[in-house]
Amino acid sequence: MKVLSVTSEVYPFVKTGGLADVTGALPKSLQRFGIRTITMVPGYPALLPAARAGAPLVVFDEILGESASLRHIQTDDQILFVLDIPSLYERPGGPYLDENGHDFPDNWKRFAALSLAAARVADGVLPGWAPDVVHTHDWQAALTSVYMRSMGNGRPVVVTIHNLAFQGQFPAGLFPYLHLPVSAFSLDCMEYYGDMCFLKGGLMTANAITTVSPTYAREILTPRFGMGMEGVLALRRDRLKGILNGIDEDIWNPADDPYLPGRFDTAAPEGRRSNRAALTRQFGLDEDEGPILSAVTRLTWQKGMDMLADVAEEIVYRGARLVVCGQGDAAIRDLLLDAAARFPGRIAVHVGYDEPIAHLIHGGSDAVIQPSRFEPCGLTQLYGLRYGSVPIVSRTGGLAETVIDANDAAMGAGVATGFQFHPVTTEGLRHAIRRAIEVFQYPDQWQRLQSQGMAARFSWERSAGLYARLYRELLDEAESGGEDLRSRAAG
Ligand code: ADP
Ligand code: GLC
């Protein structure tokens, strides 16, 4: 089976968060199920040297009025289609933001173009390759199924929601520039409170909607987590399912991690000590026997990083230290930097995105804190588990189902792997941190928590199997004439 995965980021080429980890890892695991995935991404500067080394696979007549071609990159375990549109993607900045951290004003066009080109591929523009199933990720790729339906293409499409906070909502006045039939600007498709919404278009025209944990799949049907989309999701409820993310166990493997000074695993955990020492040195922390707590994350309200700043004193007062590696909101960054300035040697913050530091923190800190207000899946707690950094998490989304709270029953049964708190408030977080620091005083208990966490498996194999099954079901359904969504954007 051939799958076209359409995404705005993919590890190791372009990454701002977990989306890249998922789109990078899932295709590798799908191979075991006889599924060959090609991943389609915009031609950002980082991809261009490799992509332009060969001749284009196809030169489009135009895509939304821009000159465009499709190129490719092949590595040992990935094949990428790179959409080369210099006027839209060849510019400084990240995938979504310019160098000053502002959204590119033409993001609507940049990602509509990605979706339109993907729909052309799905429609057979490439000689010799067309997908059986199309898998789109988040709002940036969500128009793919709208364009496909407008071309009369009923091929199965899966849309995955990685984060409902980002929906791709733009003024209705831009609609004519999308080159879609007017029928697509309807309640049954992209129209959303008078605006146009890329994600809604995808949710209404895909055959299956997945999100990255079963708990989040339930949560987003409620007003609290639905972000205004709960009504649309309720309409398509029978098509919605949660499939938990896995982790790439080759990249996140403490026994063979090039970023770690000390390699380790459950059988030989000693290497952690040298990582801890390296972390202490690198962040200029005091050397003592207390726990090192950590966070590796976007500094945003979603991730509850404002609450972490609020409990800084508590952490220091209880004899623990804190390291943070993150970037994001300036206000939250300043709160954390302020805490670091007040408590030198106890709190240290690295502002920025840094893959080697992320690995060292997981491999050297004692606990990783993730107090998210909502968390579709969350990967850092999974990396923490595998690396023996015990997660302290809020009980929501994927965090709720990947960490087993160290309550008496779970400790007694030998299954606890971390600390959970609810409700998601500063007080809740403070209490969880207190509990963790208390258990840390008992090395045998702490080591049990650590090794139980390290033994927990969140590889992609199981989840890839669930995607494989979903693709097959959709293909069977399409063959037997199933749901026809073409009228929702008919030309
Ligand atoms: P989200 O995608 O919502 O940001 P996830 O937990 O799913 O959250 O994924 C975050 C990914 O980004 C992880 O791979 C994490 O290690 C990485 N990451 C986040 N912030 C940083 C940072 N400042 N430096 C390095 N890696 C980071
Ligand atoms: C999003 C979510 C995160 C999830 C990631 C990958 O960025 O915020 O919870 O793990 O996507 O699916």
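Pro12 sits in the loop between strand S1 (2–6) and H1. The model is predicted. In it, the peptide bond that joins Tyr11 and Pro12 is cis, with omega about 5°. A second cis peptide bond runs from His422 to Pro423, with omega near 0°. Pro423 also belongs to a loop, the one between strand S18 (419–421) and helix H18 (426–440).

H1 leads on to the ligands. Helix H1 (18–30) is one of the elements that each supply at least two residues of the shell around ligand 1. The others are strand S13 (292–299), strand S14 (321–328) and helix H15 (380–386). Which element gives the most to this shell? That is S13, with 3 residues.

Ligand 1 has 19 residues around it. Lys15, Gly18, Asp21, Arg298 and Leu379 come nearest. By class, the shell holds 6 nonpolar, 7 polar and 6 charged residues. Two of the charged side chains can be followed to oxygen atoms of the ligand. An N or O atom in the side chain of Arg298 is 2.7 Å from an oxygen atom of ligand 1. For Lys303, a polar side-chain atom lies 2.8 Å from an oxygen atom of ligand 1. Thr380 takes part through its backbone: an N or O atom there lies 3.4 Å from an oxygen atom of ligand 1. On its own, ligand 1 has 560 Å² of accessible area, and the protein covers 93% of it. Both domains contribute to this shell. Domain 1 (2–246 + 461–488) and domain 2 (254–455) each provide at least three of its residues.

Ligand 2 is surrounded by 14 residues. His162, Asn245, Glu375, Cys377 and Gly378 are the closest. H1 appears again here, giving the largest share of the shell, 3 residues. The shell divides into 6 nonpolar, 6 polar and 2 charged residues. A polar side-chain atom of His162 lies 2.7 Å from an oxygen atom of ligand 2. The side chain of Asn163 has an N or O atom 3.5 Å from an oxygen atom of ligand 2. Cys377 offers a backbone N or O atom, 2.9 Å from an oxygen atom of ligand 2. Taken alone, ligand 2 exposes 310 Å², and the protein buries 93% of that. The shell around ligand 2 draws at least three residues from each of domain 1 (2–246 + 461–488) and domain 2 (254–455).

Now turn to strand S5 (residues 79–84). Is S5 buried or exposed? Of its 6 residues, 6 are buried, so the strand is largely enclosed by the rest of the structure. In a regular strand, side chains alternate between the two faces of the sheet. In S5, Ile79, Phe81 and Leu83 point one way, and Leu80, Val82 and Asp84 the other. All of them are buried, Asp84 included.

S5 pairs with S2 and with S4. Strand S2 (residues 36–42) pairs with S5 in the parallel sense over 4 bridges. Thr39 has Leu80 in S5 as its bridge partner. Strand S4 (residues 69–74) runs antiparallel to S5, and 6 bridges join the two. Here Gln74 has Ile79 in S5 as its bridge partner. The hairpin from S4 to S5 passes through 4 residues.

Helix H5 (residues 138–150) is another enclosed element. Of its 13 residues, 13 are buried, so H5 is largely enclosed by the rest of the structure. After H5 comes Gly152, with a positive phi near 80°.

The last stop is an open sheet of 3 strands. Its order is S8-S10-S9, with antiparallel pairing. Strand S8 (169–170) and strand S9 (191–192) stand at the edges, each with a single partner strand, so one side of each has no neighbour in the sheet. S9 and strand S10 (residues 195–197) run antiparallel and are joined by 2 bridges. Tyr192 stands opposite Asp195 in S10.

The loops of this sheet hold two residues with positive phi that are not glycines. His179, in the loop between S8 and S9, has a phi of about 55°. His179 is partly exposed, with a relative accessible area of 47%. Tyr193 lies in the loop between S9 and S10. Its phi is about 50°. At 69% relative accessibility, Tyr193 counts as exposed.

Terms used: Residues are numbered from 1 along each chain as its sequence is written. Chains are lettered from A and ligands numbered from 1 in the order in which they are written. This is a predicted model: local features need pLDDT of at least 70, side-chain atom pairs count only at pLDDT 80 or more; totals for chains, interfaces and linings use all residues. Side-chain values use heavy atoms; hydrogens and water are left out. A residue is near a molecule or strand if one of its heavy atoms lies within 4 Å of it. A polar contact is a pair of N or O atoms within 3.5 Å; within protein, one must be able to donate a hydrogen and the other to accept it, and residues adjacent in sequence count only if both atoms are side-chain atoms. Accessible areas come from the Shrake-Rupley method with a 1.4 Å probe; for residues, only the protein chains shown count as cover. Ala, Val, Leu, Ile, Met, Phe, Trp, Tyr, Cys and Pro count as nonpolar, Asp, Glu, Lys and Arg as charged, and the others, Gly among them, as polar. Domain bounds come from an automatic or database domain assignment. Two strands pair if DSSP finds at least two bridges between them. Buried means under 20% relative accessible area, exposed over 50%, partly exposed in between (1.4 Å probe, protein chains only).
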